[in-house]
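Biologist: I have a new model open and would like to learn how to read it. Could we go through it together?

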Amino acid sequence: MLRKDRYRAFVDYFSSHQPDAETELKYSNPFELLIAVILSAQCTDKRINQITPKLFERFPDPQSLSMSTAEDVFQYIRSVSYPNNKAKHLVGMAKKLIEEFNGVVPSDIDDLQKMPGVGRKTANVIASVIYNAPAMAVDTHVFRVANRIGLTLNAKTPLAVEKQLVQFIPQDKIHVAHHWLILHGRYICVARNPKCNICPLTWFCKFYAQTHTETALRKAEILRERKKLEAKKKLKKTKLHLILKKLEMNIPDKKKN
């Protein structure tokens, strides 16, 4: 299958089945989403959604957060990954918002990246989710799924994946395609043991074609048989060792006789 056909199949399927896919992070305004995305780095959305209600209640706007301290913020986010660094980033981000952007979360990706804790991925999330910009945030799910399906070719870095996806996905679909890839990677095309048996994309998935062809299945069978044979050999060696050990124990000492 040509790559352009694979892209077309990908967009057509999700446009029909998940046209309104969105982030699973809970928020009520751009400021809250920015906080949630910064906190979500190397942490699950579920965990973030558990701790943000009290955090948002304590710091409802950039002004209140900018006047706080990292130590105070830490008390609300101690259960997330890297809480010390993230607490510092949140306070620094709020101060930057006040000082340079009048407390308004900017839409420009370069402006977003001026704030502490905001890298390219986070900036793309904000731009696409809040402003529907044609920005593709590449996290581990997007990176994995795009490569497995065959949407990307020899893309070794998140930036390379981003550039290829933005090039081939229709502009008006890029902001939602980000969520298609994340959700598919989170629930079906998981890192270990992808759930190919329930995946609706197998008919055009490059990974599935490579791992489920007759040749691939035959190789897997040969590998299983080889492992069984090696296990048997190892078991025989172990038994032989035990037998020799017993024989040694039963051999009389000639010197004593």
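Biologist: Let me start with a single residue: does Asn154 count as buried or exposed, and why?

Modeller: Keep in mind that this is a predicted model. The general idea is to look at relative accessible area, where exposed means over 50%. Asn154 has 63% relative accessibility, so it counts as exposed.

Biologist: Where is Asn154 found?

Modeller: Asn154 sits in the loop between helix 9 and helix 10, which covers 158-168. Its backbone deserves a look too: Asn154 is not a glycine, yet its phi is positive, about 55 degrees.

Biologist: Which other residue has a positive phi although it is not a glycine?

Modeller: Try Asn132, with a phi of about 55 degrees. You will find Asn132 in the loop between helix 8 and helix 9.

Biologist: Now for pockets. What volume does the largest pocket have, and how many residues line it?

Modeller: A pocket is an open set of points with protein on both sides. Here the largest pocket has a volume of about 500 Å³, and 23 residues line it. Nearest its centre lie Cys43, Asp45, Asp139, His141 and Arg186.

Biologist: Which elements give two or more residues to that lining?

Modeller: They are helix 2 (30-40), helix 3 (45-58), helix 8 (120-131), helix 9 (140-149) and helix 11 (174-187). Helix 11 gives the largest share, six residues.

Biologist: And how do the lining residues divide by character?

Modeller: The lining of the largest pocket has eight nonpolar, eight polar and seven charged residues.

Note on methods: Residues numbered from 1 in each chain as written. Predicted model: local features only at pLDDT ≥ 70, side-chain atom pairs only at ≥ 80, totals over all residues. Heavy atoms only, no water. 1 Å grid on protein atoms, 1.4 Å probe; cavity = no way out; pocket = protein on both sides within 12 Å on 5 of 7 lines; lining within 4 Å. Points joined across faces, edges and corners; volume = space filled by probe spheres on them. Helix = DSSP H or I, 4+ residues; strand = E, 2+ residues; numbered from the N terminus. Nonpolar A, V, L, I, M, F, W, Y, C, P; charged D, E, K, R; others polar. Buried < 20%, exposed > 50% of the residue type's maximum accessible area, 1.4 Å probe, protein only.
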